[in-house]
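Subject: Structure handover

Hello,

Here is the structure I promised you. Please open it alongside this note, and my findings follow below.

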Amino acid sequence: MATEASSTPRRKKHPVYRGIRCRSGKWVSEIREPKKTTRVWLGTYTTPEMAAAAYDVAALALKGREAVLNFPESVGSYPLPVSSSAAHIRMAAATAAATVGAAAAAAAANEAVKGGERKVEEVAEVVGSSAMEFVDEEELLNMPGLLEEMAKGMMVAPPWMGSPPSDDSPENYEGESLWSY
């Protein structure tokens, strides 16, 4: 057994769900494109279930029916991307994650109402605020490509700072020079 444990690399990933990891208290999801070294960034989510649903949508889009999924029973409810482009996969993944997040918030609200902890109006506020709470800052700021674009910007030659001589320049002055004294 000691040889098995030593040969297995240690990874910081979720113990149950595929394609997700925790970063700064939030859950991020990405998937490697088949037969390529590139990855498709799927976003940052508040719960591991949301990130896992995003991964499932991307896995179905990229790998088809042979994909190993986190929630195989939910295949029929996942939105399909318009094409296999990274942008379309990302949009479908975000939609699936938002659906899972809203369903989880609704389930928590139902439990709270059943337990008599809150009034129905208070629960509706919680469900509404949690559904609108998620904003993917990394997608909004294009974080996967930001550093690459910054590096490309450093490779651009600086602009020419010289200016053509004007009528007031010393070369065009015919009178006395300030430095002739």
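Start at Ser-24, which sits in the loop between β1 (20-23) and β2 (26-32). Keep in mind throughout that this is a predicted model. Ser-24 has a phi near 55°, a positive value, and the residue is not a glycine. Is Ser-24 buried or exposed? Its relative accessibility is 76%, so Ser-24 counts as exposed, the cut-off being over 50%.

That loop is the turn of a hairpin. β1 and β2 form the hairpin with 2 residues between them. The two strands pair in the antiparallel sense, over 4 bridges. To find the register, look at Cys-22: its bridge partner in β2 is Trp-27.

A second hairpin follows. β2 and β3 (39-45) make this one, with 6 residues between them. These strands also run antiparallel, and 6 bridges link them. Val-28 stands opposite Thr-44 in β3. In the turn, Lys-35 has a positive phi of about 60°, although Lys-35 is not a glycine. Lys-35 is exposed because its relative accessible area is 89%, over the 50% cut-off.

Glu-33 lies in the loop between β2 and β3 as well. How does Glu-33 count, buried or exposed? Its relative accessibility is 19%, so Glu-33 counts as buried, just under the 20% limit. The side chains of Glu-33 and Thr-38 are joined by a polar contact of 2.6 Å. Beyond its neighbours within four places in sequence, Glu-33 is in contact with Thr-38, Val-40 and Leu-62.

Now the core. The largest nonpolar core has 26 residues, and Ile-31 and Leu-42 have the most contacts inside it. Which elements supply at least two residues each? They are β2, β3, α2 (48-63) and α3 (86-114). The biggest contribution comes from α2, with 10 residues. As a general point, nonpolar side chains in soluble globular proteins tend to be buried together.

Ile-31 is a good residue to click on. Setting aside residues up to four places away in sequence, Ile-31 touches Thr-38, Arg-39, Val-40, Leu-42, Tyr-55, Ala-58, Ala-59, Leu-62 and Lys-63. Leu-62 is one of the contacts of Glu-33 too. As for β2 as a whole, the strand is mostly covered, with 5 of its 7 residues buried.

Next, α2 itself. The helix is mostly covered: 12 of its 16 residues are buried. Among the buried ones are Pro-48, Met-50, Tyr-55, Asp-56, Val-57 and Leu-62. The run from Ala-51 to Ala-54 is buried too, and so are Ala-58 and Ala-59. Does the length of α2 agree with or depart from what its residue count predicts? At 1.5 Å a residue, its 16 residues should span 22 Å, and the end C-alpha atoms are 21 Å apart, so the two agree. Just after α2, Gly-64 takes a positive phi of about 75°.

Go back towards the N terminus for Lys-13. Lys-13 is in the loop between α1 (2-7) and β1. Its relative accessibility is 54%, so Lys-13 counts as exposed, the cut-off being over 50%. Leaving aside neighbours within four places in sequence, Lys-13 is in contact with Ile-20 and Arg-21. Lys-13 and Trp-27 are 14 residues apart along the chain, and their C-alpha atoms are separated by 9.9 Å. Trp-27 is the bridge partner of Cys-22 mentioned above.

Last, the chain as a whole:

- The chain has 6 helices and 3 strands.
- From the N terminus on, the order is α-β-β-β-α-α-α-α-α.
- Of its 181 residues, 27% count as buried.
- About 13,500 Å² is exposed, and carbon and sulfur atoms supply 59% of that area.
- Among contacts between residues at least 6 apart in sequence, 42% join residues at least 24 apart.

If you have time for two places, try these. Look at the turn with Ser-24 and its positive phi. Then look at Ile-31 and Leu-42, which have the most contacts inside the largest nonpolar core.

Best wishes

Notes: Residues numbered from 1 in each chain as written. Predicted model: local features only at pLDDT ≥ 70, side-chain atom pairs only at ≥ 80, totals over all residues. Heavy atoms only, no water. Buried < 20%, exposed > 50% of the residue type's maximum accessible area, 1.4 Å probe, protein only. Core = buried A, V, L, I, M, F, W, Y, C linked by side-chain atoms within 4.5 Å. Contact = heavy atoms within 4.5 Å. Expected span 1.5 Å × (residues − 1). Polar contact = N/O pair within 3.5 Å; in protein donor to acceptor, adjacent residues only side chain to side chain. Areas by Shrake-Rupley, 256 points an atom, 1.4 Å probe, with all protein chains shown as cover. Pairing = 2+ DSSP bridges.
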